[in-house]
Amino acid sequence: YGDPNQKIDYIFKVVLIGDSAVGKSQILARFARNEFSLDSKATIGVEFQTRTLVIEHKSVKAQIWDTAGQERYRAVTSAYYRGAVGAMLVYDITKRQTFDHIPRWLEELRGHADKNIVIILIGNKNDLENQRAVPMEDAKEFAQKEGLFFLETSALEATNVETAFLTVLTEIYNVLN
Ligand code: GDP
Ligand code: MG
């Protein structure tokens with residue numbers, strides 16, 4: 001997971017948003033440290049984690065911000081969004097309400113962030129297929145309508161987590177170049 005002496009060509013700030021308990025912190029733990037915890041405490045303190053990876057032959061430091069328990073409506077401050085070039089909008093495929101709140105999060109994001117921000121919609125916990133409450137088609141349709149990337153992930157099984165970050169980071173790189 002990266003040589004500390006590596007030269008950095010770009011630093012991209014990406015923010016995680018979405019309702020509480022959808023798996024934002026575990027998605028980040030999986031991406032930044034390849035870890036997962038089933039009884040994760042509400043995130044306190046840590047603002048962001050980084051991982052350096054190679055995108056189109058350039059070394060990119062991804063600085064991923066986690067909401068640290070500010071998931072109540074409008075509690076996320078504008079400082080959180082400042083400078084963000086990417087966003088991951090996360091819901092839980094087993095909790096319909098977390099998907100129904102996505103338009104609200106999107107509105108918040110669009111109100112605070114740069115207009116060129118790259119956004120991916122993420123349906124997490126897709127290892128829990130037998131508890132699915134959000135059809136993949138509904139999310140796909142919404143993402144298409146709003147011009148968002150879309151993937152279902154499992155932080156538990158490490159499904160598509162890497163792909164989700166690579167999708168966002170590569171698109172950010174392409175928008176810049
Ligand atoms: P956050 O509040 O959005 O940061 O959510 P957390 O990352 O703290 O996760 C909330 C709960 O969901 C924890 O018990 C996690 O272990 C669990 N969780 C997170 N991701 C997954 C996943 O992909 N699959 C399953 N089955 N559980 C998950
Ligand atoms: Mg959290």
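In this predicted model, the shell around ligand 1 draws its largest share, 3 residues, from helix 1, which spans residues 24-33. The shell holds 19 residues in total, and the closest to the ligand are Gly 23, Lys 24, Ser 25, Gln 26 and Leu 156. When the residues of this shell are sorted by character, 6 are nonpolar, 9 are polar and 4 are charged.

Two residues other than glycine show a positive phi angle, and both are found in loops. Asn 34, with a phi near 50°, is placed in the loop between helix 1 and strand 2, the latter covering residues 48-55. Because 12 other C-beta atoms lie within 10 Å of its own, Asn 34 counts as exposed, the limit for that class being 12 or fewer. His 57, for which phi is about 70°, lies in the loop between strand 2 and strand 3, where strand 3 comprises residues 58-65. His 57 has 6 C-beta neighbours inside 10 Å and is therefore exposed as well.

The interior of the model is described by its largest nonpolar core, which contains 47 residues, and within which Ala 87, Met 88 and Leu 89 touch the most other members. Helix 6, formed by residues 161-176, gives the most to this core, with a contribution of 6 residues. When residues up to four places away in sequence are not counted, Ala 87 touches Val 14, Val 15 and Ile 17, and also Leu 109, Ala 113, Ile 117 and Ile 119.

Technical notes
Residues numbered from 1 in each chain as written. Chains lettered and ligands numbered in written order. Predicted model: local features only at pLDDT ≥ 70, side-chain atom pairs only at ≥ 80, totals over all residues. Near = placed C-beta within 6 Å. Helix = DSSP H or I, 4+ residues; strand = E, 2+ residues; numbered from the N terminus. Nonpolar A, V, L, I, M, F, W, Y, C, P; charged D, E, K, R; others polar. Buried ≥ 20, exposed ≤ 12 C-beta atoms within 10 Å, placed from the backbone. Core = buried A, V, L, I, M, F, W, Y, C linked by C-beta atoms within 7 Å. Contact = placed C-beta atoms within 7 Å.
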